Amino acid sequence: MPLTASDVDRFEASRPRLEAIAYRLLGSAEEAEDAVQETFLRWQAADVGRIEVPEAWLTKVLTNLCLNQLTSARARRETYVGQWLPEPLLAGDPMLGPADTAEQRESVSYAVLTLMERLSPNERAVYVLREAFDCPHREIAEILDITEAASQQILHRAKKHLADGRARTEIDGAAARRIVEEFLAAATSGRIEPLVRLLTEDAVSIADGGGKVPARAKAFEGAVAVAKFLRGLFKPGEAKRALAGGTPEVYAWTANGGPAVVAVVDGRVVGVMCLEVTAEGITAFRNQVNPDKLERATAHWAATDHGEPLFSVF
């Protein structure tokens, strides 16, 4: 039977939640939108009147679509050019989903999204559904066709894989801006000493250019190596301006709930640098410069009151 207006409204009411789940599972806003649209097509083809709990049905369909996508994505990433990083979402993007609890905020942080690449598809699904959306293990077991005990074991295993020995620091918007401003002041000072003081000894810097923008295939590791790279990155140069398509304006912002540097040229986001902060200092810089993964950020930026840039570089 064709969907009624009420059936469509019911799906649309669930869309934000479905998109937030799909983004956490896939690490890609574009792929998340595709998965949600495919879920709608399944809803359209179903006998909706016989579905007792629509939200649970939609969550199961979406999750299994994402699990299939994750399996194929693993094969694609074996041939990906350079480092693979998730697609960043800027502050205010509705796809970030709920952020009421520490678990919800952590599940969408850029650091954890990156670490979730270590997980099997089932581990990722259990972690996201339980930690970010508070789904009971009984419901997760039905979605994944496993037992409740298995769901609990998988969650324990996922958390163990995600633990990297350091405690990330929760940061509000004002603190994030201060951290980014302090970092940028050090990065543009022309000296590495101020940068080194902000970093942990084992700091790393990773960039994802996707073969579209030059990016080092291997991460910079160690405070001194990272500081030297960052000092050079923010040093003006004609070649850099040509590569960026102009002179980037730099903003202190938040992405995925954490401190970030956003570089913009003529309204186009050309780079998002996400900072991971611990009590000991900045421990990671994850730089997304692949233009394919910045299209949503650019659209969101255009609709955001972002004020004046801190400065222009290059």
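The expected span of a helix is 1.5 Å times one less than its number of residues. In this predicted model, helix α9 covers residues 173-187. Its 15 residues should therefore span 21 Å, and the end C-alpha atoms of α9 are 21 Å apart, in agreement with that figure. The buried residues of α9 are Ala 175, Ala 176, Val 180, Phe 183, Leu 184, Ala 186 and Ala 187. They lie on the same side of α9, because the arc they cover around the axis is only 165 degrees. At the start of α9, Asp 172 places a side-chain oxygen within 3.3 Å of the backbone nitrogen of Ala 174.

Helix α9 lies across five strands, namely β3, β4, β5 (268-278), β6 (281-288) and β7, and runs at about 145 degrees to β3. A second helix, α13 (residues 295-302), lies across β3, β4 and β5, and its direction is at about 100 degrees to β5.

The strands just named belong to an open sheet of seven strands. Read across the sheet, the order is β2-β1-β6-β5-β4-β3-β7, and the pairing is mixed. The edges are formed by β2 (220-221) and β7 (311-312), each of which pairs on one side only. In general, the strands of a sheet pair through backbone hydrogen bonds, in either a parallel or an antiparallel sense.

Strand β3 can serve as a guide to this part of the sheet. β3 (residues 249-255) runs antiparallel to β4 (residues 258-265), and seven bridges join the two. Two of the residue pairs can be picked out here. Tyr 251 has Val 262 of β4 as its bridge partner, and Trp 253 is partnered by Ala 260 of β4. The hairpin of β3 and β4 has two residues between the strands, and in this hairpin Asn 256 takes a positive phi near 55 degrees. With β7, strand β3 pairs over two bridges, also in the antiparallel sense. Here the bridge partner of Glu 249 is Ser 312 in β7. β3 is mostly covered, with six of its seven residues buried.

The account now turns to the helices with lower residue numbers. Helix α8 (residues 148-162) can be put through the length check used for α9. Its 15 residues should span 21 Å at 1.5 Å a residue, and the C-alpha atoms at its ends are 21 Å apart, so the two values agree. The buried residues in α8 are Ser 151, Ile 154, Leu 155, Ala 158 and Leu 162. These residues cover an arc of only 105 degrees around the axis, which puts them on the same side of α8. The face turned away from that buried side carries Gln 153, His 156 and Lys 160, which are exposed. The cover over the buried residues of α8 includes α5 (110-115), α6 and α7 (137-144).

One residue of α6 shows where that helix meets α8. Glu 123 lies in α6 (residues 121-132). Leaving aside residues up to four places away in sequence, Glu 123 touches Ile 154, Arg 157, Ala 158 and His 161. Two of these contacts, Ile 154 and Ala 158, are among the buried residues of α8. Buried means under 20% relative accessible area. Glu 123 has 5% relative accessibility and therefore counts as buried.

Thr 59, in helix α3 (residues 54-77), has a relative accessible area of 0% and is therefore buried as well. Its side chain makes a polar contact of 2.7 Å with the side chain of Arg 17. A polar atom of the Thr 59 side chain also lies 2.7 Å from the backbone oxygen of Glu 55. Apart from residues up to four places away in sequence, Thr 59 touches Arg 17, Leu 18, Ile 21, Leu 129 and Ile 143.

Helix α1 (residues 5-26) contains Ala 20. With 1% relative accessibility, Ala 20 counts as buried. Residues up to four places away in sequence aside, Ala 20 touches Met 95, Gly 97, Pro 98 and Phe 133. Ala 20 and Pro 94 are 74 residues apart in sequence, while their C-alpha atoms are 7.9 Å apart in space.

Key. Residues are numbered from 1 along each chain as its sequence is written. This is a predicted model: local features need pLDDT of at least 70, side-chain atom pairs count only at pLDDT 80 or more; totals for chains, interfaces and linings use all residues. Side-chain values use heavy atoms; hydrogens and water are left out. Two strands pair if DSSP finds at least two bridges between them. Helices (H or I, at least four residues) and strands (E, at least two) are DSSP runs, numbered from the N terminus. Contact means heavy atoms within 4.5 Å. Axes are lines fitted to C-alpha atoms, for helices over the stretch in contact, and angles run from 0 to 180 degrees between N-to-C directions. Buried means under 20% relative accessible area, exposed over 50%, partly exposed in between (1.4 Å probe, protein chains only). The arc is that of the directions from the helix axis to the C-beta atoms. A polar contact is a pair of N or O atoms within 3.5 Å; within protein, one must be able to donate a hydrogen and the other to accept it, and residues adjacent in sequence count only if both atoms are side-chain atoms.
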